[in-house]
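Work through these short exercises with the model open. Each has a task, then a stepwise solution.

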Amino acid sequence: MRFSKLFLPTRKEDPAEAEVVSHKLLIRAGYIRMIARGIYDFLPVGWRSVRKIEQIIREEMDLAGAQEVRLPAVQPAELWQESGRWSEYGAELLRIKDRKGGDFCLGPTHEEVITDLVRGEVKSYKQLPINLYQIQTKFRDEPRPRFGLMRGREFIMKDAYSFDTDEQAALQSYDVMFETYNRICRRLGFEYRAVEADTGNIGGSRSHEFQVLAETGEDEIVSCSQCSYAANVEKAEIRVESSARADDAELKALTQLATPGQRTIEEVSKFLKQKPAKLVKTLIYLADETPIAVLVRGDHQANELKIKAYLNAHTEISCRELNLAADVEVERVTNAALGFAGPVGLQIPIFADLAVEGLANFIVGANAVDAHFVNTNHGRDFEVRAFADLRQARGGDLCARCGGSFESHRGIEVGHVFFLGDKYSKAMNATFADEAGHEHAMQMGCYGIGVTRILAAVVEQNHDENGIIWPMAISPYHVTILPLQNQDEEVVALAERLYAELMAAGVEVLLDDRDMRAGFKFKDADLVGIPLRINIGSRGVKDGQVELKLRRESDHRLVGIDEIVAEVTQIVRTSLATAKEAALS
């Protein structure tokens with residue numbers, strides 16, 4: 001492709017709305033343009049990279065035995081009503097009406113549609129297992145679209161769905177997809193972690209997220225330094241070596257102190273000259289309509305997923321939804337203004353994190369304005385209904401699996417695999433007949449990977465101060481040729497010759513044939529991020545040499561004109577082959 005013909009409008013300045021590197025660079029380098037908040041056009045170079053990502057995914061999905069289909073983006077409400085998600089999914093579901101008043105939605109996901117398809121065609125165990133996938137546009141009406149392609153409203157996703165006869169077979173299908181996603185991430189060259197995760201509003205009982213490590217990632221994850229365990233901080237299980245308070249601990253007299261205007265952990269800690277770990281937060285939640293109190297150490301964060309799971313598994317308290325109580329409810333329960341809640345005197349069930357169990361003489365709100373208790377102790381000053389793992393994990397915590405230490409990371413979720421069981425098949429009557437003719441609900445799995453989010457995640461891990469650094473496998477072009485003196489006929493003729501010879505060898509080439517200064521071309525080349533660059537100058541032509549520069553390296557090297565085509569072709573082929581081999585490692 002000739003740069004003079006390519007629609008590639010680069011920019012010098014960062015867009016005002018961009019917050020993260022990938023958003024800034026993909027706009028500046030001419031890959032995307034915003035048409036509305038969270039909705040983007042893909043320009044030619046951007047679309048070339050997207051198509052290459054899709055191809056990697058297709059190759060690995062086909063290798064795993066999945067079959068590609070194409071499902072409609074517009075879905076009838078009746079299917080979502082069958083599954084129960086029409087009312088449960090929330091405001092992210094963009095609901096629309098046709099001219100006859102019929103209810104539809106723009107699909108954020110396709111569990112209902114694929115289940116409807118399979119239930120209509122699969123009737124016997126002999127037709128199972130089956131795994132169907134598609135690569136298609138989705139729409140989720142995000143309340144705060146941000147970070148460019150990482151948190152958009154319209155995006156491209158690959159979603160796959162497996163159907164099996166029983167749970168054991170379904171978990172085998174899950175494992176196949178789990179390893180397929182690992183292969184995809186390795187082919188893309190990601191530094192990533194496959195982490196245990198919550199199933200969210202998709203449902204199901206087992207799930208893993210594929211998190212690309214990046215400082216700008218929205219998700220917090222931990223991984224064990226000694227074993228393979230990794231999870232997001234909401235899911236991660238923590239080992240507490242000894243949570244019980246020492247029997248000989250001296251329990252000092254409970255004392256109320258004035259703390260005027262000191263509401264937050266940071267304010268109270270500084271005011272009383274105590275570390276946050278010496279304070280205990282009292283959080284008032286509504287479990288459905290039932291108020292409860294949850295205690296966590298001042299330097300820890302409560303984990304609402306764990307709290308909800310504990311209530312449902314170990315108590316009679318129903319908890320379909322868990323929400324922090326509104327200010328007026330907190331004041332009703334504690335008889336104090338917000339910021340001074342404490343467990344002493346509370347008349348609602350109190351649950352505490354395991355880290356609180358070992359504390360003695362700690363500090364809590366006094367349920368009175370501008371006051372806190374010091375030397376507070378559970379069992380004497382208030383009763384805890386149960387101690388449990390109710391907090392978010394963090395770096396330095398101990399792994400529940402092996403006792404190793406957690407390392408903390410930030411991640412960008414690019415893929416998510418779920419074991420759904422019969423959540424959708426039972427609700428939508430997707431059944432099959434076994435050998436004896438008995439009907440059973442199919443066991444399902446769901447596997448999503450964000451194609452356009454991958455584009456952003458790659459940039460987050462592959463850039464420098466000058467621009468993008470594409471891996472060869474998904475770069476829009478493999479090599480760019482820069483003739484540095486457009487008035488020199490020999491320079492231009494050599495550029496044209498190499499352009500033709502490299503394309504004939506199967507290399508994807510971008511020829512910068514613009515009548516621009518060399519410095520301008522260099523800046524655009526670094527910004528756009530093509531992996532290889534051939535610089536052709538007048539002096540080099542006379543000496544029979546050109547400059548070959550790898551985008552990842554700061555220096556260039558001289559290569560003979562007669563050798564450059566073979567060398568570039570070899571670099572490209574080796575790089576692409578290495579990426580494929582990485583999938584098998």
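**Exercise 1.** Decide whether F351 is buried or exposed.

Solution. F351 has a relative accessible area of 2%. Buried means under 20%, exposed over 50%, partly exposed in between (1.4 Å probe, protein chains only). So F351 is buried. The model is predicted: local features need pLDDT of at least 70, side-chain atom pairs count only at pLDDT 80 or more, and totals for chains, interfaces and linings use all residues. Residues are numbered from 1 along each chain as its sequence is written, and side-chain values use heavy atoms, with hydrogens and water left out.

**Exercise 2.** Classify the ring pair of Y310 and F351.

Solution. Rings of Phe, Tyr and Trp (its six-membered ring) pair if their centres lie within 6.5 Å; planes under 30 degrees apart are stacked, over 60 edge-to-face, the rest tilted. The count by this rule is ten aromatic pairs. For Y310 and F351, the centres are 6.2 Å apart and the planes 70° apart, which is edge-to-face. Y310 lies in helix α8 (residues 304-314) and F351 in strand β18 (residues 350-353), 41 residues apart. Helices (H or I, at least four residues) and strands (E, at least two) are DSSP runs, numbered from the N terminus.

**Exercise 3.** Find which strands stand at the edges of the sheet β17-β15-β16-β18-β21.

Solution. Two strands pair if DSSP finds at least two bridges between them. Five strands form this open sheet, with mixed pairing. β17 (322-324) and β21 (386-388) each have a single partner strand, so one side of each lacks a neighbour in the sheet. Those two are the edges. Three bridges join β17 to β15 (residues 280-287), and the two run antiparallel. A287 has L322 in β17 as its bridge partner.
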